[in-house]
Amino acid sequence: ALVKQVTDVAAYVSLCEYDDMEGMVQLSELSKRRIRSIPKLIKVGRYDTFMVLRVDKEKGYIDLSKKRVSREDADALDEKYSKAKTVQSIMRHIASTHGLPLEEVCSKISWPLYDMFGHAYDGLAKLVGDNADLSIIGKLDITPEMRETLLNVVTRRMAPHQLRVKAKVEVSCFDYEGIEAIQRALIAGRTVANDNSQVGDDESLKATTTVKLIAPPQYYI
């Protein structure tokens, strides 16, 4: 939900997944701890995750809580929202490119993918990479021009990007073999890492591990 207003007694948010309906969060429902600074807990213009406590259909009130949302639930919902935002952006691009209503594009592409994969994002993700399953497009009722646009925009926005992670470690050995034992251990570790380097379920995504000496006993991995 998007935080729209914060007062001395409550915060008012716009529920993005429910046609921007307004919900209210009492300050007592912001945190389980004593509130010392409201701006540190909730800020106008920021998206946050809330739990629905009560809905009064007659008065149109929706009471929400932030403190009752676990960190795990918040992370899962953030990921779900991020995926939905990506899908919606792709659908808008296709609709704009071909001069079609957004709802019509969704009915032809994203909605069928939700039915097939549980989430349209997961279906679109299968269209990129070395193991791309282009047969998915054949199951969609779209024109060849829309297929080309779909592939182009998905490849551009969802193709995996290379990520480099570097860590500095200290390795010491006080036995007789000393540096030779360290060298064998690091080489063995690198071999095991590279032999088990697949990232996720995509066999085409592999991580490469390297080891570089900085100055004994420090190394970069």
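**Exercise 1. Find Asp19 and describe its setting.**

Solution. Asp19 sits in the loop that links E2 and E3. Keep in mind as you look around that this is a predicted model.

Step 1: check the backbone. The phi of Asp19 is near 55°, which is positive although the residue is not glycine.

Step 2: look at the residue that follows. Asp20 belongs to the loop between E2 and E3 as well, and its phi is positive too, at about 60°, again in a residue that is not a glycine.

Step 3: decide whether Asp19 is buried or exposed. Exposed means over 50% relative accessible area. Asp19 has 72% relative accessibility, so it counts as exposed.

Step 4: place the turn in its hairpin. E2 and E3 form a hairpin with five residues between them, and Asp19 is in that turn.

**Exercise 2. Follow strand E2 and work out which strands it pairs with.**

Solution. Start with the E3 side.

Step 1: strand E2 covers residues 10-15 and strand E3 covers residues 21-26; the two run antiparallel and are joined by six bridges. You can pick out individual partners: Ala11 has Val25 of E3 as its bridge partner, and Leu15 stands opposite Met21 in E3.

Step 2: turn to the E1 side. E1 and E2 are antiparallel as well, with four bridges between them. Here Gln5 stands opposite Tyr12 in E2. A hairpin of three residues makes the connection from E1 to E2.

Step 3: ask how many residues of E2 are buried. Five of the six are, so E2 is largely enclosed by the rest of the structure.

**Exercise 3. Put the strands of the five-stranded sheet in order.**

Solution. Read across the sheet rather than along the chain.

Step 1: the order is E1-E2-E3-E5-E4, in an open sheet with mixed pairing.

Step 2: find the edges. Strand E1 (2-6) and strand E4 (51-56) are the edge strands, each pairing on one side only.

Step 3: note the turn between neighbours. On average, neighbouring strands of this sheet are turned by 30° against each other, direction ignored.

**Exercise 4. Explore the surroundings of Leu64.**

Solution. Begin with its strand.

Step 1: Leu64 is part of strand E5, which spans residues 61-65.

Step 2: is Leu64 buried or exposed? The cut-off for buried is under 20% relative accessible area. Leu64 has 2% relative accessibility, so it counts as buried.

Step 3: list some neighbours. Leaving out residues up to four places away in sequence, Leu64 touches several residues, among them Val13, Leu15, Met24, Phe50 and Val52.

Step 4: compare with a remote point. Val169 is 105 residues from Leu64 along the chain, and their C-alpha atoms are 46 Å apart.

**Exercise 5. Visit the sheet that contains Val169.**

Solution. Use Val169 as your starting point.

Step 1: the bridge partner of Val169 is Tyr219 in E10. Three bridges join E6 to E10, and these strands run antiparallel.

Step 2: set out the sheet. Three strands form an open sheet in the order E6-E10-E9, with antiparallel pairing. Strand E6 (168-170) and E9 are at the edges with a single partner strand each, so one side of each has no neighbour in the sheet. From one strand to the next, the twist averages 35°.

Step 3: look at the link from E9 to E10. Pro217 lies in the loop between strand E9 (212-215) and strand E10 (218-220). The peptide bond from Pro216 to Pro217 is cis, with omega near 5°.

**Exercise 6. Inspect Asp48 and its contacts.**

Solution. Locate the residue, then its partners.

Step 1: Asp48 is in the loop between helix H1 (38-41) and E4. Its relative accessible area is 17%, so Asp48 is buried.

Step 2: Asp48 is in contact with Ala1, Leu41 and Lys66, leaving aside neighbours within four places in sequence. The side chains of Asp48 and Lys66 are joined by a polar contact of 3.0 Å.

**Exercise 7. Step back and describe the whole chain.**

Solution. Combine a few overall values.

Step 1: the chain contains eight helices and 10 strands. Its radius of gyration is 25 Å, well over the 17 Å that the globule rule gives for 221 residues, so the chain is more spread out than a compact globule.

Step 2: the C-alpha trace spans about 80 × 60 × 25 Å along its principal axes. Of the 221 residues, 26% count as buried.

Terms used
Residues are numbered from 1 along each chain as its sequence is written. This is a predicted model: local features need pLDDT of at least 70, side-chain atom pairs count only at pLDDT 80 or more; totals for chains, interfaces and linings use all residues. Side-chain values use heavy atoms; hydrogens and water are left out. Buried means under 20% relative accessible area, exposed over 50%, partly exposed in between (1.4 Å probe, protein chains only). Contact means heavy atoms within 4.5 Å. Two strands pair if DSSP finds at least two bridges between them. Axes are lines fitted to C-alpha atoms, for helices over the stretch in contact, and angles run from 0 to 180 degrees between N-to-C directions. The radius of gyration is taken over C-alpha atoms; the globule rule is 2.2 Å times the number of residues to the power 0.38. A polar contact is a pair of N or O atoms within 3.5 Å; within protein, one must be able to donate a hydrogen and the other to accept it, and residues adjacent in sequence count only if both atoms are side-chain atoms.
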